[in-house]
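User: I've got a two-chain model open and would like to go through it with you. Can we start with how far to trust it, then look at the folds and the packing?

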Amino acid sequence: MVALGALIALVLLSPLVLIALDARSAGWGEIHRVLFRSRSGFLLRHTVVLSLLVVAFAASIGTAAAWCTERAGIRGRRIWTVLLVAPVAIPDFVVGYAWHSIAPQMNSLLAAAIVMTLGTYPLVYLPVAAAFRRADPTMEDTAHSLGVGPVATFRRVTLPLIRTALLGGCVLVVLTVISEYGAFEILRYQTFTTEIFTEFQFEPQAAGALSIPLVLLGLLVLGTDLIIPRRRSARIAPRRTVIRRRLRPRTAIPLAAGLVVLIGLGVGVPVGTIVYWMIQSQHTTLPAAATLGSATWATLRYSALGAGVAVTLALPVAMMTFRRSSPTRMLLERSTYVTQALPGVVIALSLVYFATRYAYGVYQTGLLLVAAYAILHFPLALVCVKTSVAQAPSQLSDVGRSLGKGPVVVFLRVTLPLLAPGLLAGFCLVFLTAVTELTATLVLAPIGVHTLATQFWAYQSEVAYGAAAPYALVIIGLAMVPGALLGLWFDRERLVPGR
Amino acid sequence: MTGRSTSIRTRRWPVKAAGGALLVLLVAIVASGCGSSNGATAGSATTLTLYNAQHEQTTARLIAAFTRQTGIKVRVENDDEDVLTAQIEQEGHRSPADVFYTENSNWLQQLGERGMLEKVDAAALANVPKQDSAGNGDWLGVSARISVLVYNTSKLTASQLPKSVLGLAEPRWKGKIEIAPSETDFWPIVSSVARADGHAAALAWLKGLKANAGENDDVPDNETLTSDVSQGTTDLALINHYYYYRLQAEVGKSSVHAKIAYFAPRDPGYVEDISGAAILKSSKHKPAAQEFLDFLTSKAGQTVLAHSDSFEYPIREGVPANGELTPLDQLAPNSFTPAELGTGLDAKTLLQEAGLL
């Protein structure tokens, strides 16, 4: 298991090799100049302040939303899940443009915080919802019956249940903010990453070196995760004891209203902008059905495969640290997150480097693109899978073994179904993110293959927003699919024998 | 538990084997399900690979016309010119690209200095004015763009505008302009000012611009500059002419509340920028690539360009530009050439010294 995990970590860390090589060829002088000018301190401060703001908001909103849909017993959970998860699939450019048009004079920190919070709360929502799904609600009922108030219950009972998921989601949020570029460009909020892109134009190798602080920042963030004590999460809910709570309209309506506002801001505003583009544009002809169809199929194919590979690779890495924890295992697992802090173009170019030198046969083929998606979004899958692994008690698989079944059978029939919510959440999250992936796709896709994201960009970068709009709408439409599947699966779970 | 050995190592092997088999299976599915190869030559027809950083739709039309005329197919990778340059440099001699078509000439110059370009045939070079291509024949000029002022018509009149680009640094424009220093289109203007008035004057001018732009000294691109001026978010900006016409084409003339104005004749800010194409030394289809470059600068190719949505100026003699534009012979840009822009190094240094980058 460790060997497999180590291999995966090695593959995921390979972009760092290129950064090191680039740094060497750029020369220490240029790097020193770029890293240590006063602007760097200013950018670092910007990045840190924004990350703190966004993680606080996104964690609260994500957890609250997850609690509403999974615990509070609100109606129409499937639809809420679909809509709440959708913002991940909305292209950054659209969101940034939308908010910049609505309030061009808004303070750039505030605008950036709003945009990033709306874009990253699903990264907290999905793992936490998966955790709620599996955790035992009777513990909270017991606390209530013992006279503990709702706030204290949340702090002492609920929070420990979702601790792993919440922390994992927060780490993802911070790493995403660090590596964000598209939205900040429009909102004119300067961070280290926007600087990398600017530097990239003059000195691509120095730009690679500029990624080093990002990596260090990412490691710092991952390190803080270790400070907080870890505890094995609670037991799984026996389904029979879950009573569907009936919410009184007094509580149901404000909750529903809150969710509607969130969805309105996260999905409604960008969709409204896209519709506005279509209305305002002179080029009102819709794209050829053939182009739209082939782009959709390409997006679907590559994103789904990328998500599948990411989740499959995440499984051994997640299991590696939970069955037996040791410093090596922890280190290996942590190292796989590092690439989430890097801009997509850095990773794409490192894959170009490796492919043209060692694996030319796969250069600019679908295989490399799928590998790129898996590498880029691996941490998203890992966080979701880890949540499930934390909650799956080893005792159940031991029971299976003691009943005489071999390890493979036990894995397929006992462990895998227990891990299902996390695996599916991970698949959905990676799929949604891969659907809008642009920079790596432009570089690595087989020549002549277009995805919805590259077609959107082809028109948007030429200010032909009306022509770009249909592609954006299809992307958002596609985003509804994984959310719906997730909801369907959750509702059709089989009963797990209670302890 | 009696009987069989229950050492942990023995028990884990089947799990590992299953995991490994699953991975192999997945890789096989992925490999078969991904299809498309990266080969370029197919059967009898040659296929060129073009890395394109220019207007995608115009390039598509040029390619269609080229294929109709010669039967040579072209497959295109589109991306920003800085990413494509970095990609070509990473790919090195194994690059699948045959031709590289960019918006600004300094990227081609950079590749040329690294020895990665093949000399363009004299026949193609003769299609366009000599100063619009590389002096040593590394790359070929294809189209031109002119730097202009775009101003909001409800806030300013033509007579209030500065006649020289240096006038933009004056205090009366404080809070009324926006600039996009990271746009490569800006660098030729900076180089031109430095050439005309010297390094120190250019630096002072840039610092003046930075002070006047205030918060808006890092607008990401010229498209945003143009639409900001049109919407009244700012009064004045420096762009290349075609952004204005493209915005008009997109939202309609009645929705654009702006006009463009040219600088005084031969002003340092009145620059003709050249967009060009080059053949990579690593190309495996050099004759076909030479044909393509020849087509781009032929009467047929330049006419396609002129009638397209890119709104750039064809540089071949005798091919009129898009009817919307002011004809090139009526304009008076200064004598700044791509050779003087070079790789853009001095522009970049100036911008960094001024704290704009």
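User: What pLDDT does chain A average?

Analyst: Keep in mind that this is a predicted model, so confidence is a good place to start. In chain A, 90% of the residues score at least 70. The average pLDDT of the chain is 81.

User: Which element of chain A has the highest mean pLDDT, and which the lowest?

Analyst: At the top sits helix H3(A), residues 38–70, with a mean of 89. At the other end, with a mean of 73, is helix H2(A), residues 28–36. That gives H3(A) as the highest and H2(A) as the lowest.

User: Over which residues of chain A does pLDDT stay under 50?

Analyst: Where pLDDT is low, the predicted coordinates should not be read in detail. The stretch you're after has 8 contacts beyond four places in sequence in the model. It covers residues 493–499 of chain A.

User: How many helices and strands are there in chain A?

Analyst: Chain A runs to 499 residues, and 55% of them count as buried. Among its contacts between residues at least 6 apart in sequence, 85% join residues at least 24 apart. As for the elements, the count is 21 helices and 0 strands.

User: And how many helices and strands are there in chain B?

Analyst: Chain B has 357 residues, of which 51% count as buried. For contacts with a separation of 6 or more, 77% come from residues 24 or more positions apart. The elements of chain B are 13 helices and 10 strands.

User: Back in chain A, how do H17(A) and H18(A) run, roughly parallel or roughly antiparallel?

Analyst: The axes of H17(A) (394–402) and H18(A) (407–435) come within 9 Å and cross at roughly 150 degrees. Angles over 145 degrees count as roughly antiparallel. So the two helices are roughly antiparallel.

User: Which residues of H17(A) make that contact with H18(A)?

Analyst: The crossing is right-handed. On the H18(A) side, the contact uses Pro407(A), Val410(A), Val414(A), Thr415(A) and Leu418(A). By class, the contact has 5 nonpolar, 3 polar and 1 charged residues. From H17(A) come Leu396(A), Ser397(A), Gly400(A) and Arg401(A).

User: Is Arg188(A) buried or exposed?

Analyst: Arg188(A) lies in the loop between H9(A) (182–187) and H10(A) (192–202). Its phi is positive, about 60 degrees, although it is not a glycine. The cut-off for buried is 20 or more other C-beta atoms within 10 Å. Arg188(A) has 21 such neighbours, so it counts as buried.

User: How does Pro104(A) count, with 14 C-beta neighbours inside 10 Å?

Analyst: Pro104(A) is in the loop between H5(A) (92–102) and H6(A) (108–134). Buried takes 20 or more neighbours, and exposed takes 12 or fewer. Because Pro104(A) has 14, it counts as partly exposed.

User: Over in chain B, at what angle do H2(B) and H10(B) pack?

Analyst: Their contact includes Leu62(B) and Phe66(B) of H2(B), along with Phe292(B) and Phe295(B) of H10(B). The contact residues divide into 5 nonpolar, 2 polar and 1 charged. The axes are 11 Å apart, and the angle is about 115 degrees.

User: Which elements cover the buried residues of H11(B)?

Analyst: H11(B) spans residues 299–306, and its buried residues are Gly301(B), Gln302(B), Val304(B), Leu305(B) and Ala306(B). What covers them includes H2(B), E5(B), H10(B) and E10(B).

User: How many residues of H6(B) are buried?

Analyst: H6(B) covers residues 187–197, and Trp187(B), Ile189(B) and Val193(B) are among the buried ones. Just after H6(B) comes Gly198(B), with a positive phi near 95 degrees. H6(B) is mostly covered, and the count of buried residues is 8 of 11.

User: Which residues does Ile274(B) touch, leaving out those up to four places away in sequence?

Analyst: Ile274(B) is in strand E9(B), residues 272–280. With 28 other C-beta atoms within 10 Å, Ile274(B) is buried. Its C-alpha is 7.2 Å from that of Val142(B), 132 residues apart along the chain. The residues touched are Ser105(B), Asp132(B), Gly141(B), Ala144(B) and Pro338(B).

Conventions. Residues are numbered from 1 along each chain as its sequence is written. Chains are lettered from A and ligands numbered from 1 in the order in which they are written. This is a predicted model: local features need pLDDT of at least 70, side-chain atom pairs count only at pLDDT 80 or more; totals for chains, interfaces and linings use all residues. Helices (H or I, at least four residues) and strands (E, at least two) are DSSP runs, numbered from the N terminus. Two residues are in contact if their C-beta atoms, placed from the backbone, lie within 7 Å. Axes are lines fitted to C-alpha atoms, for helices over the stretch in contact, and angles run from 0 to 180 degrees between N-to-C directions. Ala, Val, Leu, Ile, Met, Phe, Trp, Tyr, Cys and Pro count as nonpolar, Asp, Glu, Lys and Arg as charged, and the others, Gly among them, as polar. pLDDT is the predictor's confidence in each residue, from 0 to 100. Angles under 35 degrees count as roughly parallel, over 145 as roughly antiparallel, 65 to 115 as roughly perpendicular and the rest as oblique. A crossing is left-handed if the near helix is turned anticlockwise from the far one by less than a right angle, and right-handed if clockwise.
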